[in-house]
Amino acid sequence: MKKSLLLIIVSVAVLCSAMVEAQEPFYKGKTITIIVGTKAGDVYDLYPRMLSDYFTKYIPGNPNVIVQNVPGAASLIAANQVYNVAKPDGLTIGAIYPALYFEQLIKRPEVKFDWNKFGWIGSTVTSNHLMYMRSDTPYKTFEDVRKASTAPNCGASGVTSTGYYMPKLVEETTGAKFDIVSGYVSGQDIDLAVERGELQCRAFTITAYFAREPFITWRKKGFAHVLFQTGQKRDQRVKDAPTIYELMDQYKTPQGGRQLAKVVLASGEFGRPLVTPPGVPADRLKILRDAFNKAMNDPGIKSDAEKRRLELDPATGEELETLAKEVMASPPDVIQRVQKLLGK
């Protein structure tokens, strides 16, 4: 009798323990690692670091969130690591460059991921772009570049960085020429090269241009000016710089060039994407997406972003997932033009 009673008590205790464990949130007591594909201090790094303070607040179990920087190859190294090395358990997130799908479209062997199979969490901001030019160069206007006998030298970290593909797109659609110097580890390294006089220009996001040094000081001193921008309409902060759409109208870009521009400029809609490895359970991806959406609407992050001079214009994971399918389904003739654009 006593043995039977003891067995019942033990069984009940085990069952209760199992029930408590089943009800406990998966993320409780765990750590989420955000792998950022650039150096610390770069604007691509500032966004996930800011988000991490609010992200955990809306994840059941309130896990720790840490940021790990894996710079190089325009975040291709980080993307490959997230896709192939990280466990698909919802504890690793990648903060990668938005134009990495170019690498897959042109079938570069270094690509070890499928853009469609990432788990899309969301993007903190839409990334329209600009090109700055040192003001002490002969290139005062865009027309000066088109007429120049010597092309300006622009810096880039890799072919999927804005610094590379944006000048190439402008060449293809308007006839202006730029010499692209690739291989810099990060945008900060490019800016230093511009200050040293090794380069004259760089294309990157409007957000970054207004978010940090050295650009705040550069603008005050007139060190650089903006040559063009990529939004559908002019950003009022650089209202004197034409949009790429205005330039295509001015120089009568054919329809094929405009289709190419549509695929390339979709990178701006991807913005600053956060992704998971493929195979993360649907319920955990949903938790991360919901937490991201709630964090983006938190009054605290909006105030924090304003203090840091960072814009917020979020896109949901579902929106990015749909966009990924669209760009990867580009017709063969457009893909061929992307290959040509990127020197494949």
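The chain in this predicted model is built from 15 helices and 11 strands. Along the principal axes, its C-alpha atoms fill a box of roughly 100 × 45 × 30 Å. Of the 344 residues in the chain, 53% are buried. Among contacts with a separation of 6 or more, 79% join residues 24 or more positions apart.

We can turn next to the empty space inside the model. Rolling a probe the size of a water molecule over the atoms shows where such space is left. Searching the whole structure in this way gives 2 cavities of 30 Å³ or more. The largest cavity holds about 180 Å³ of space, and the second largest has a volume of about 60 Å³.

A total of 22 residues line the largest cavity. Those nearest its centre are Tyr44, Tyr97, Thr162, Arg202 and Phe204. Four elements each supply at least two residues of this lining, namely the helices α2 (43-55), α6 (162-174) and α7 (187-196) and the strand β8 (201-205). The biggest share comes from β8, which gives 4 residues. Sorted by class, the lining of the largest cavity comprises 10 nonpolar, 8 polar and 4 charged residues.

The second largest cavity is bordered by Tyr44, Tyr47, Pro48, Ala95, Ile96, Thr124, Arg272, Pro273 and Leu274. Tyr44 is thus a handy landmark for the reader, being listed among the residues nearest the centre of the largest cavity and also in the lining of the second largest. Here α2 and β10 (273-276) are the elements that each supply at least two lining residues, and α2 gives the most, with 3 residues. By class, the lining of the second largest cavity divides into 7 nonpolar residues, 1 polar and 1 charged.

Besides lining both cavities, α2 packs against another helix, α12 (residues 282-296). Two packed helices are described by the angle between their axes and the distance between the axes. For α2 and α12, the angle is about 100° and the axes lie 9 Å apart. Because angles of 65 to 115 degrees count as roughly perpendicular, α2 is roughly perpendicular to α12. On the α2 side, the contact is made by Leu51, Tyr54 and Phe55, while α12 contributes Leu288, Ala291, Phe292, Ala295 and Met296. The contact of α2 with α12 consists of 8 nonpolar residues, with no polar and no charged ones.

Definitions and conventions
Residues are numbered from 1 along each chain as its sequence is written. This is a predicted model: local features need pLDDT of at least 70, side-chain atom pairs count only at pLDDT 80 or more; totals for chains, interfaces and linings use all residues. Side-chain values use heavy atoms; hydrogens and water are left out. On a 1 Å grid over the protein atoms alone, a cavity is a set of points where a 1.4 Å probe fits but cannot get out, and a pocket is an open set with protein on both sides within 12 Å along at least five of seven lines; lining residues have an atom within 4 Å of a point. Grid points are joined across faces, edges and corners, and a volume is the space filled by probe spheres set on the points. Ala, Val, Leu, Ile, Met, Phe, Trp, Tyr, Cys and Pro count as nonpolar, Asp, Glu, Lys and Arg as charged, and the others, Gly among them, as polar. Axes are lines fitted to C-alpha atoms, for helices over the stretch in contact, and angles run from 0 to 180 degrees between N-to-C directions. Angles under 35 degrees count as roughly parallel, over 145 as roughly antiparallel, 65 to 115 as roughly perpendicular and the rest as oblique. Contact means heavy atoms within 4.5 Å. Buried means under 20% relative accessible area, exposed over 50%, partly exposed in between (1.4 Å probe, protein chains only).
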